[in-house]
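Please read this briefing with the sequence and the model side by side. It goes through the sheet, the burial of its elements, the charged pairs and a few local details of the backbone.

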Amino acid sequence: MSVKIRLQRHGKKGKPFYWVVAADARAKRDGKYLEKIGTYNPNTNPATVELDVDSAVKWLFNGAQPTDTARNLLSYKGALLKHHLQGGVNKGALTQEQADAKFAAWLEEKSNKINAKKEGLTSSKAVEKAQKIAAEKEVNAKRAASQVVKATEETTVEETEVATEESNEETQA
């Protein structure tokens, strides 16, 4: 039986949510699976990926073949790196402590990159919001100034009309 690590679609129309599963290659896309390895939500920015790395590595050692998208997700979470390092340990090229240290260093670097992206997104949103507020204040100030000008013009027009009426009355009297 050949096993694939692939995505199983869930969620509603237009809002996909995926389970990362190990399934028989002959099973339907959303059909029977052997084990749920994790989840993937592409609707968030950055995309949310929850993955049981140890379970994924176990399936990779048992010969499971990931699909292209699943391979990208496994790589993103470090399952392929851990599989590679574990292969080195099995061959005697590394000790388990060295492999764990390399994996921990990689995880730290990856989490720093993700946090930097999140901070960049929040700061860009804050800057964009501040620009919108400044533009709105500017529009409101222009609108208030034009209303003041319009009001002064109306009062001057009324004053000139009153003055002309008074002068007309004085000339008639």
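The points below are grouped by topic, starting with the strands and ending with the charged surface.

The model is predicted. Its strands include an open sheet of 5, arranged in the order E4-E3-E2-E1-E5 with mixed pairing. Strand E4 (48-51) and strand E5 (65-66) take the edge positions, and because each has a single partner strand, one side of each is left without a neighbour in the sheet. The structure also holds 7 salt bridges, and a patch of negative charge gathers on its surface.

**Pairing within the sheet**

- Strands of a sheet pair through backbone hydrogen bonds, and the pairing may be parallel or antiparallel.
- Strand E1 (residues 3-12) and strand E2 (residues 15-24) run antiparallel and are joined by 10 bridges, with Arg9 standing opposite Tyr18 in E2.
- Tyr18 in turn stands opposite Tyr40 in E3, where E2 and E3 pair in the antiparallel sense over 5 bridges.
- The pairing of E3 with E4 is again in the antiparallel sense, over 4 bridges, and two of its partnerships can be followed residue by residue: Gly38 has Leu51 of E4 as its bridge partner, while Thr39 has Glu50 of E4.

**The connection from E3 to E4**

- E3 and E4 are joined by a hairpin through 6 residues, and Pro46 has its place in the loop between these two strands.
- The peptide bond that leads from Asn45 to Pro46 is cis, with omega near -5°.

**Burial of the strands and of helix H1**

- In a regular strand, side chains alternate between the two faces of the sheet.
- In the edge strand E4, Val49 and Leu51 make up a covered face, whereas Thr48 and Glu50 make up an uncovered one.
- Strand E3 is largely enclosed by the rest of the structure, because 5 of its 7 residues are buried.
- Ala23, which is found in strand E2, is buried with a relative accessible area of 1%; its C-alpha is 8.8 Å in space from that of Ala64, although Ala23 and Ala64 are 41 residues apart in sequence.
- In helix H1, the buried residues are Val53, Ser55, Ala56, Val57, Trp59 and Leu60, and the helix is followed by Gly63, whose phi is positive, near 100°.

**Salt bridges**

- Side chains of opposite charge can pair when their charged atoms come close.
- Arg29 forms a salt bridge with Asp30, in which the closest N and O atoms are 2.8 Å apart; Asp30 counts as partly exposed, at 39% relative accessibility.
- A second pair brings together the side chains of Glu35 and Lys58 in a salt bridge of 3.4 Å, N to O. Because Glu35 lies in strand E3 (residues 35-41) and Lys58 in helix H1 (residues 53-61), this pair ties together parts that are 23 residues apart in sequence.
- Both partners are partly exposed: Glu35 has a relative accessibility of 22%, and Lys58 has a relative accessible area of 42%.
- A further salt bridge is made by the side chains of Asp54 and Lys82, at 2.6 Å from N to O. Asp54 lies in helix H1 and Lys82 in helix H3 (residues 79-91), so this pair ties together parts that are 28 residues apart in sequence.
- Helix H1 therefore takes part in a link to strand E3 through Lys58 and in a link to helix H3 through Asp54.

**Negative charge on the surface**

- The patch of negative charge on the surface gathers Glu153, Glu154, Glu158, Glu159, Glu161, Glu165, Glu166, Glu169 and Glu170.
- Glu170, one of the residues of this patch, has its place in helix H4 (residues 96-172).
- With a relative accessible area of 61%, Glu170 is exposed, because the value lies over the 50% cut-off.
- An α-helix has 3.6 residues a turn, so residues three or four places apart point the same way.

How values were computed: Residues are numbered from 1 along each chain as its sequence is written. This is a predicted model: local features need pLDDT of at least 70, side-chain atom pairs count only at pLDDT 80 or more; totals for chains, interfaces and linings use all residues. Side-chain values use heavy atoms; hydrogens and water are left out. Patches are made of residues with over 30% relative accessible area and no salt bridge: like charges are joined within 9 Å, nonpolar side chains (Val, Leu, Ile, Met, Phe, Trp, Tyr) within 5 Å. Accessible areas come from the Shrake-Rupley method with a 1.4 Å probe; for residues, only the protein chains shown count as cover. A salt bridge is a side-chain nitrogen of Lys or Arg within 4 Å of a carboxyl oxygen of Asp or Glu. Lys and Arg count as positive and Asp and Glu as negative; His and the chain ends are not counted. The place of a charge is taken as NZ of Lys, CZ of Arg, CG of Asp or CD of Glu. Buried means under 20% relative accessible area, exposed over 50%, partly exposed in between (1.4 Å probe, protein chains only). Two strands pair if DSSP finds at least two bridges between them.
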